[in-house]
Number of protein chains: 2
Amino acid sequence: MISTRGRYALRVMIDIAENGNGRYIPLDEIASRQQISEKYLESILVILTRGGMLNGLRGKGGGYKLTKATCDYTVGDILRLTEGSLAPVACLKEGAEPCARQNECKTLGVWKGLDTVINNYLDGITLDSLVGQGADYSI
Amino acid sequence: MISTRGRYALRVMIDIAENGNGRYIPLDEIASRQQISEKYLESILVILTRGGMLNGLRGKGGGYKLTKATCDYTVGDILRLTEGSLAPVACLKEGAEPCARQNECKTLGVWKGLDTVINNYLDGITLDSLVGQGADYSI
DNA sequence: TGATAAACCTACTTTGTTACTATGTTGAGT
DNA sequence: ACTCAACATAGTAACAAAGTAGGTTTATCA
């Protein structure tokens, strides 16, 4: 369901939040700390930067930093951006062609409810609650 | 996240609950009603039968029927059986090799919580609430 | 007992996505 | 100029999902 792209993205955002302190952090520093391939990490940082979650600066002294305060990022935002969608079934993805069985479908309500439950949960967790010690979200 | 296998399985279980009435329903009847390829549907019914959710009978007059009352199936059971697992991340799947970063991982709590939220929701819906009119589970 | 209906079994193909790699280009600082 | 580092584009390998094909066994009925 959540691929490595999304999982890495979340780890990276926490990493930058913890180690950034306002300065730009170069990619290779994050990669070595998180033990993620530089090249693969690059493709993830592109998504986060284009999505407005990170600020990238080229050249010496460059790197990435957050664009907002940690409390202004939710886990849901980060995952929706990097995963594309958190919809549990294809027919609920944004831009999906409307299902022909929509009106008679007895399962649609289940999927809509599941979608709501997932998004509500993930939107309730902000980045600042994950840095430092980190809260325990396992219920 | 939920593939067609799981989605079809749920639709099929509802179909059998609604049209069975204790009798065995042959595969081709379900397939034509649900507009699912017979051969593909077969592979799904094998899983449901081996998992003890359906009873299969060969020969003339044969087919499939439920093994339990509709109120004794939860959507969570059906999906876990057909999907293999509902774990939102690889490291939470049963039998997954323990993650090396487990102790330092700041995101593990998020995934555990998400797993709990998903399973709790789906285990709260029973098959009997989906037959006939069907309840609206979209919150 | 033979024909037929239906589940059961094994194996294959096709398609698409994920994860990852390789090579180059642009821009910022010293 | 030189170096650092983001940005861009293109490709590959591995895997799983979705669906297909053909054959085998078991039950019923005439």
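Visitor: Which residue just after H4(A) takes a positive phi?

Guide: In this predicted model, the place to look is the position just after H4(A), where the phi angle is positive, at about 90 degrees. The residue that takes this angle is A:Gly84.

Visitor: Which residues of helix H4 of chain A are buried, and on what basis?

Guide: A residue counts as buried here if 20 or more other C-beta atoms lie within 10 Å of its own. Within helix H4 of chain A, which covers residues 75-83, the buried residues are A:Val75, A:Ile78, A:Leu79 and A:Thr82.

Visitor: Why do these buried residues lie on the same side of H4(A), and what arc do they cover?

Guide: An α-helix has 3.6 residues a turn, so residues three or four places apart point the same way. In H4(A) the buried residues are A:Val75, A:Ile78, A:Leu79 and A:Thr82. They are on the same side of H4(A) because the arc they cover around the axis is only 90 degrees.

Visitor: Which helices do the buried residues of H4(A) pack against?

Guide: The partners come from both chains, with chain B supplying its helix H5 (108-123). Chain A supplies the others, namely H1, H3 and helix H5 (108-123).

Visitor: Is B:Val46 buried or exposed?

Guide: B:Val46 is found in helix H3 of chain B, and the C-alpha atoms of B:Val46 and B:Gly56, ten residues apart along the chain, are separated by 8.9 Å. The cut-off for an exposed residue is 12 or fewer other C-beta atoms within 10 Å. Because B:Val46 has 12 other C-beta atoms within 10 Å, this residue is exposed.

Visitor: Of the residues around DNA strand C, which come nearest?

Guide: The surface near DNA strand C draws at least two residues from each of helix H1 (4-19) and helix H3 (38-50) of chain A, and likewise from helix H3 (38-50), strand S1 (54-57) and strand S2 (63-66) of chain B. Of the 24 residues around this strand, the nearest are A:Ser3, A:Ser37, A:Gly59, B:Leu27 and B:Gly56.

Visitor: How many residues of the surface near DNA strand D are charged?

Guide: DNA strand D is surrounded by 24 residues, with A:Leu27, A:Gly56, B:Ser3, B:Ser37 and B:Gly59 the closest. The elements giving two or more residues to this surface are H3, strand S1 (54-57) and strand S2 (63-66) of chain A, together with helix H1 (4-19) and H3 of chain B. By class, the surface has six nonpolar and eleven polar residues, and the charged ones number seven.

Conventions. Residues are numbered from 1 along each chain as its sequence is written. Chains are lettered from A and ligands numbered from 1 in the order in which they are written. This is a predicted model: local features need pLDDT of at least 70, side-chain atom pairs count only at pLDDT 80 or more; totals for chains, interfaces and linings use all residues. A residue is near a molecule or strand if its C-beta atom, placed from the backbone, lies within 6 Å of it. Helices (H or I, at least four residues) and strands (E, at least two) are DSSP runs, numbered from the N terminus. Ala, Val, Leu, Ile, Met, Phe, Trp, Tyr, Cys and Pro count as nonpolar, Asp, Glu, Lys and Arg as charged, and the others, Gly among them, as polar. The arc is that of the directions from the helix axis to the C-beta atoms. Two residues are in contact if their C-beta atoms, placed from the backbone, lie within 7 Å.
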